[in-house]
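Trainee: I've got a fold open on my screen and I'd like to learn how to read it. Can you walk me through it, piece by piece?

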Amino acid sequence: EKSLTYFIAEIGSNFDGDLDRAIKLIKLAKDVGADAAKFQHYTANSLVSDKGFSSLNLDSHQKDWEGTVYEIYDKASLNVAWTEVLAKECKKQGIDFMTSPYSFELLEKTIDFIPAIKVGSGDITFHQIIKKMSTFGKPILLATGASDIEEVKDSMNLIYKKIPTCIMQCNTNYEANENHLCNQNIKVIETYKKIWPEAQYGLSCHMKNNLGVLAAVSMGARVIEKHFTDDNNRNGPDHKFALNVEEFREMINSVRLLEKILGDGKKKIENNEKSTFFLQRRALVAKKDLEKGSIIK
C-alpha cells in the first residue's frame, strides 16, 4: 500500500507484427517511466470463431475494423517464438516483461518469462485457465471489465488469499469517447476494498483522459495499465485509443505529483509549517517584558 504506483504500458498489438517495433516500444516504455511492458499472447484460432463473429451484427469498436475480427486478430497476434527476445530486452531496459496468455499452451510457453500473470477481462469466466494460473505461485492481476460482481466473486474465490492478487477495475470499451467517462465507475475500487481487504487494487483504463487514473490512485489503486503506442495514426486495432509517448509520460508525472500531494495520512505539523504555524494561533501575550522565571499573578 505504501509503494509508488506501478505502471504497465500495454503494447498489446501495437508492434504491428514487427519484432523491431516491439523492441522499440519496450525502450520507449522504459523512457516514459513505465514499470512494465506488456504484450498479449493469443492466436486467432484459440481466441475467436471466424464463422461466429462473421454472423454477428457488431455494435462495437470492431465494426470499424478493415477486415473480419478473425483476420485482424490473426494479423495482430504475437509470434510466441519472440517471447524470450522480448523478455531479454525488458530485462536489459530494467523493466518487467508481462503478458496475458489466452490459452493453456501459451501460458506454459510464457510462464517462465513473466513475474506475474495478467488475466484479461474477457477471461474472467474462464475458470479453468485461472485455476491453472494459480498453480504457478506467481501474482495474478485480474481485470474485471464487462462483468458483474457475482462473476468477479467467482473468479476471486479461485485465487484470493491463495496467491498475491491484484483486482483491477476496468471498462471494456475501446472507443475512448469522452461521453463514456460516466461508465468508468472508479468507485468500484472502494467496493473491492471492502470485499477483499487483503488484495491489491488497480485500474485497466482505455480512456485517453487520465481523470480515472488519478481518481483510482486516490482510492488506493497501485497498479495502472494503459495501452501504449508511439503513433496514434498507425493502422491497427489498438493505436487509436492508446496513449502516445508524451501522454503516457504526462500520466505518470501527474500521478507522481498526486502521490506527493496525498501524503502518508498521518496528521502532524508538516515541515513547511514548523516555522509559521504559531503565527496564526491565539496566545496569551505579556504587555511588558518579563524576565525568565517570572511568576505571573
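Trainee: Let's start with pairing. How many bridges join strand β5 to β6?

Mentor: Keep in mind that this is a predicted model. Four bridges join β5, residues 140–143, to β6, and the two strands run parallel. You can follow the register residue by residue: I140 has T165 as its bridge partner in β6, and L141 is partnered by C166. To get from β5 to β6, the chain passes through helix α8, residues 149–159, and this β-α-β crossover is right-handed.

Trainee: And what happens on the β7 side of β6?

Mentor: There, five bridges join β6 to β7, residues 200–205, and again the strands run parallel. I167 is matched with Y201 of β7, while C170 has S204 as its bridge partner. The chain goes from β6 through helix α9, residues 188–195, to β7, in a β-α-β crossover that is right-handed.

Trainee: Which way do the side chains of β6 point?

Mentor: The general idea first: in a regular strand, side chains alternate between the two faces of the sheet. In β6, T165, I167 and Q169 point one way, and C166, M168 and C170 point the other way.

Trainee: Is β6 buried or exposed?

Mentor: Buried. The cut-off to use is under 20% relative accessible area. Six of the six residues of β6, 165–170, meet it, so the strand is largely enclosed by the rest of the structure. β7 is mostly covered too, with five of its six residues buried.

Trainee: In what order do the strands sit in the sheet?

Mentor: Eight strands form an open sheet, and the order is β3-β2-β1-β8-β7-β6-β5-β4, with parallel pairing. The edges belong to β3 (96–101) and β4 (117–119); each has a single partner strand, so one side of each is left without a neighbour in the sheet. On average, neighbouring strands of this sheet are turned by 25 degrees against each other, ignoring direction.

Trainee: What about β1?

Mentor: Six of the seven residues of β1, 6–12, are buried, so this strand is also largely enclosed by the rest of the structure. Five bridges join β1 to β8, residues 223–227, in parallel, and I8 has E225 as its partner there. β1 also runs parallel to β2, residues 36–41, with four bridges between them; one pair is G12 with F39 of β2. The chain goes from β1 through α1 to β2, and this β-α-β crossover is right-handed.

Trainee: How is β7 linked to β8?

Mentor: Four bridges join β7 to β8, and the strands run parallel. C205 stands opposite K226 of β8. Together, β7, α10 and β8 make a right-handed β-α-β unit.

Trainee: Now the helices. How do I describe two that pack together?

Mentor: Packed helices are described by the angle between their axes and the distance between the axes. Take α10 (residues 211–218) and α11 (residues 245–262): their axes come within 10 Å and cross at roughly 30 degrees. Angles under 35 degrees count as roughly parallel, and α10 and α11 are therefore roughly parallel to each other. α10 passes α11 in a right-handed crossing. V213, L214, V217 and S218 of α10 make the contact with M251, S254, V255, L258 and L262 of α11.

Trainee: At what angle do α1 and α11 cross?

Mentor: The axes of α1 (residues 19–32) and α11 cross at roughly 35 degrees and come within 9 Å. This crossing is right-handed. On the α1 side, the contact residues are L28, D31 and V32; on the α11 side, they are V245, F248, R249 and I252.

Trainee: One last stop, a loop. Where does E178 lie?

Mentor: E178 is in the loop between β6 and α9. At 42% relative accessibility, this residue counts as partly exposed.

Trainee: Which residues does E178 touch, leaving out those up to four places away in sequence?

Mentor: M207 and N209. For E178 and N209, compare the two distances: they are 31 residues apart in sequence, and 7.7 Å apart in space from C-alpha to C-alpha.

Terms used: Residues numbered from 1 in each chain as written. Predicted model: local features only at pLDDT ≥ 70, side-chain atom pairs only at ≥ 80, totals over all residues. Heavy atoms only, no water. Buried < 20%, exposed > 50% of the residue type's maximum accessible area, 1.4 Å probe, protein only. Pairing = 2+ DSSP bridges. Right-handed = clockwise from strand over helix to strand, strands pointing away. Axes fitted to C-alpha atoms, helices over the stretch in contact; angles between N-to-C directions. Parallel < 35°, antiparallel > 145°, perpendicular 65-115°, else oblique. Left-handed = near helix turned anticlockwise from the far one by under 90°. Contact = heavy atoms within 4.5 Å.
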